[in-house]
Amino acid sequence: MREFGYERAFDVPGAVALLGAAPEARFLGGGTNLIDLMKAGVERPALLIDVRELPLDGVEFTHDGGLRIGATVTNSDLAAHPEVRRHYPALAQAVLAGASGQLRNMATVGGNLLQRTRCGYFTDLSKPCNKRAPGSGCPALTGEHHNHAILGASEHCVATHPSDMAVALAAFDAVISYETADGPGELPIAEFYRPVGDTPHIETSLPPGALITGVTLPPAPVAAHSRYRKVRERASYAFAIGSIAAALDVQDGVVRDVRLAFGAVASRPWRARAAERVLIGGPASAEAYAAAADAELEAAEALPENGYKVTLTRNLVVAVLTELTEEAIR
Amino acid sequence: MTPPTTPTTPATTTGISAVTGAIGSAHTRVEGRDKVTGAARYAGEIPFAELAHGWLVLSTVARGRIRSVEDSPVLAMPGVLTVLHHGNAPRVDTDYVGMVGRPNPVLGIFQHDRVPFVGWPVALVVAETSEQAREAAEALVVRYDEEPHDVAFFAGRSDAYTPESNPMVQAETEKGDVEAQLDASAVVVDEEYTTPEEHHNPMEPHAATARWDGGRLDVIDSNQGSTWVATELAMLFSLDPASVRVRSEHVGGGFGSKGLSPHQVAAVMATTILHRPVRVVLTRRQMFSLVGFRSPTAQRMRLGADADGRLRAFDHQALSLTSTVHEFVESSAVLGRVMYDADAHRTFHRLVRLDVPTPAWMRAPGEAPGSFALESALDELAEKCGMDPIALRARNEPETGPVSGLPFSSRNVLACFEEGARRFGWAERDPRPGLRREGRWLLGTGTAAATYPSGAGPSTAAVTAEQDGSFTVRINAADIGTGARTAMVLVAADALKVGPDRIRVRLADSDLGPAMFAGGSMGTRSWAWAVTIAADELREKLALGGGIPPEGITARSNTTEAIGALAKKERHSFGAQFAEVAVDVTTGEVRVRRLLGIYAAGTIVNPLTARSQLIGGMTWGLSMALHEEAIRDQESGSHVGADLAGYHFAAHADVPLIEADWVDDPVPDDPIAIKGIGEIGVVGVAAAIANAVWHATGVRHRDLPIRPDRVLRAADEARRRATEGAPSA
């Protein structure tokens, strides 16, 4: 293994300064993905800057009633937080659907957002991959892709984003805060992850040298009635092949408000705005839910082996919205 | 009616073995405390002074020649001691016949420039530390002249051929006219089944340390048989067998993968050149190409029966793959030669040679994939005949071996079904598919038969009466996590008629003398036989009276003649598997709710570890049904996701209520009456689960694993067919 340096940062300016002085450095959160990638040789940082001791581990209400979640809050603490569970239950469920207890105890919110795809070509240095080695090609297009993207992909990359947490954050319009040497900044999650295009190796819009400091969830009454459902190839400890974060407000049989986001279908958590537009103001019925899913999935472009994801995602929309509707009536 | 979700009776052992002796009563592992406290050392963690570390470099092309190994820059890296490759490595001799036949040519590492698959060893980098060796190995540039490769396995390949029969596998058997009997059959099942490439991944990766000690080669290893490994190393390196010692005290799982592999050969080469101990440990990824795997299979089953279910025609055709350098047959079609008779009966194997590593034994080789096809087809036949699947099997229960005509030493498969059916609640089962729903889940149940041969291999043992009243048993057995050490304590205790606390067992050291390896479900039977004979003889010696000298009194045994004298019979373990599943056809998720396996496997030595081993086997079967599958990238010829993140097997949440138990299974003519239980737990489980998925959904799944995308596609197709086939209004 290649030798690397290790430094621990104790405040945000210090962490940002360390990275500024060492461009080949990486911030280290829980290390649950970065260390694996280092072992595989995909990441070869000269320096790790440990940010787990930064004072960013709180969850608190914002002045308008939203929630601000610190970047170093562990996945376990986030899922267990009573206000998260009360106001954004789909977020707690999404986090608990991921990884294992041990990994969630280590993994941080900031690191979860920045985790890399689990595409088997990306993690294998012996194979081409445009995300890892730009211009080398994408063997998944004609090779193994049964768990690859059906939405928003390109001929350069069909990898999916692995995070469950980010799917719920996308549904709830999370805003990601960061710090750079030039000062703080913010990115709505819709802009945080970049479209794939011909630059699959550039995954986020974070400026160079930025440190994620936290995630803000705006107040959203509809989120209190939300659910995350994940489908995977075994009962636990596997990435999604399809997932959905859904929130629903139904009154008198009419959809007043709805949030929908899909996981495992794109290079980023996929906010289903087309489906939401179809639903709002319309009937709260299984037919309407199916039609809304179809509206979103119209843009799907399946490869030979991943077309089932269209059916799966559609079925999840109908099933979860129907469940939420029935619970609202009870 | 919904089957009960809890067992109808508590898990009690109905089996045999009057529990007056040690055999048949539950004992925790004698080395259990050492293992859970970390005192037990495994091969990769035993310290040696001056230890150097080797790291294997594997080919990245699937076919071609090595043009150059650019070792100069690597030799200059920190800590690097040497780089071995085909240009400088010691010669070895692979022209021999060992305990399991001719050696796999992959053992002849660094002997030539040809590359027959991705993952072929092309160099060994040795350095002062493991980290230095790894960094240098990753920096080593190897250039190849690449040639086109072919790794595509599928049914109907025109280049499939019939392998030569060998002592391990008879390629073909045939009696009667299958086509004529199929024509005369009232009911015919003719279907194809596939199973994917599967890999054994014992928790402990393969590791070996080699050194020269007083003119002898000393290897600290993790293997399934030290006699096996020592003998092969002696032949490979042209050494006097007495000058090779191999030890393997604790082993964290084997499953057929831990015989001789390239890493032991590499360690011996390196220690010979460097004159210091050298350790080579495999990584998880390296294990995917270096220690064998289960070939994918494509199997065609043709069954023809009278309307009452009596088989007229039985035809099992099994295709598997092998490498271009060595032949291995996944013997999927052998179990029909034991299980069911028919007027015309044919079983055969075909192979296709591809640019991939040579497959090997993986727990229940042959029977595991073969039983998926055979026991699924039986279920389909039961459906077509309108018969209960257990009744169909009872109707076709043979008197003697369907192919051999030999009598069975004991055959209690129907007793297994009877006991299993009672405990599972099978009598209340409505055979019609697709009727039971619980929320979003469709529920179903299924069953399948299991069988595995019960063989024995020649072994020697020594039992010593010590002055202090204790006894030392020396048997070169391997405890690969099964509890073999404890089993030998119990066997010796009963044979000597003393308490287990007076027995000390030494095993896993080739200096103890030749013995069978832990494989083919033959270990316990083979070793117990040798220990019993030696113990009996020792009791006779002790009966003569007189004092015990300081060196003790020792009796020795060799079972070669006793095994040779055993009457020729069909000797097998049997079992019945039961599964209940829940399927959500809108997401494709399949969840196993409970498994029950009832076995007839002779004398059960230690119920505690036996149950554990059987449940482990059943969990393998569950994984095989729903999860396991190595994906080969056609373009590169290598795997995608060759690690435990990419290669899925059951997680705890997938493993539901599992029960394993056994029925009485005396073996009257057998001096030892112990059969094997290492593999039978796997056999039939995938079929029982697939049959339960059909019962839940009405859809047959003939390709493993039963992944969500397959369930979704099948459900879509079934819906479409139903719509198209529906009579117009």
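**A buried strand, a shared core and a one-sided helix**

Thr445(B) faces Glu580(B), a residue of strand β22(B), across a pair of strands. The model in which this pairing appears is a predicted one. Thr445(B) lies in strand β17 of chain B (residues 441–453), which runs antiparallel to β22(B) and is joined to it by 12 bridges. Another antiparallel partner of β22(B) is strand β23 of chain B (residues 589–600), with 11 bridges between the two. Here Val583(B) stands opposite Val590(B) of β23(B). The hairpin formed by β22(B) and β23(B) has 4 residues between its strands, and Gly588(B) adopts a positive phi near 85 degrees there.

How many residues of strand β22(B) are buried? For residues 572–584 of chain B, the count is 13 of the 13, so the strand is largely enclosed by the rest of the structure. In a regular strand, side chains alternate between the two faces of the sheet. In β22(B) both faces are covered: one side carries buried residues including His572(B), Phe574(B) and Phe578(B), while buried residues on the other include Ser573(B), Gln577(B) and Val581(B). Glu580(B) and Asp584(B) are also among the buried residues of β22(B).

Looking at chain B as a whole, the secondary structure amounts to 17 helices and 26 strands. Its C-alpha trace spans about 85 × 75 × 50 Å along the principal axes. The radius of gyration of chain B is 26 Å, which agrees with the value near 27 Å for a compact globule of 729 residues. Of these 729 residues, 59% count as buried. Among chain B contacts between residues at least 6 apart in sequence, 83% join residues at least 24 apart.

The largest nonpolar core contains 327 residues, and those with the most contacts inside it are Ala168(A), Val125(B), Met488(B), Ala492(B), Val531(B) and Ile689(B). Val125(B) offers a view of such surroundings: with neighbours within four places in sequence left aside, its contacts include Trp55(B), Val57(B), Val74(B), Val83(B), Ala137(B) and Leu140(B).

Chain A supplies a helix with two contrasting sides. In α1(A) (residues 12–21), Ala15(A), Val16(A) and Leu19(A) are buried. These residues lie on the same side of α1(A) because they cover an arc of only 95 degrees around the axis. An α-helix has 3.6 residues a turn, so residues three or four places apart point the same way. The buried residues of α1(A) pack against β2 (25–28), β3 (47–50), β6 (175–180) and β8 (211–217) of chain A. On the other side of the helix, Pro13(A) and Ala21(A) are exposed.

How values were computed. Residues are numbered from 1 along each chain as its sequence is written. Chains are lettered from A and ligands numbered from 1 in the order in which they are written. This is a predicted model: local features need pLDDT of at least 70, side-chain atom pairs count only at pLDDT 80 or more; totals for chains, interfaces and linings use all residues. A residue is buried if 20 or more other C-beta atoms lie within 10 Å of its own, exposed if 12 or fewer, and partly exposed in between; C-beta atoms are placed from the backbone. Two strands pair if DSSP finds at least two bridges between them. A nonpolar core is a set of buried Ala, Val, Leu, Ile, Met, Phe, Trp, Tyr and Cys residues joined through C-beta atoms within 7 Å. Two residues are in contact if their C-beta atoms, placed from the backbone, lie within 7 Å. The arc is that of the directions from the helix axis to the C-beta atoms. The radius of gyration is taken over C-alpha atoms; the globule rule is 2.2 Å times the number of residues to the power 0.38.
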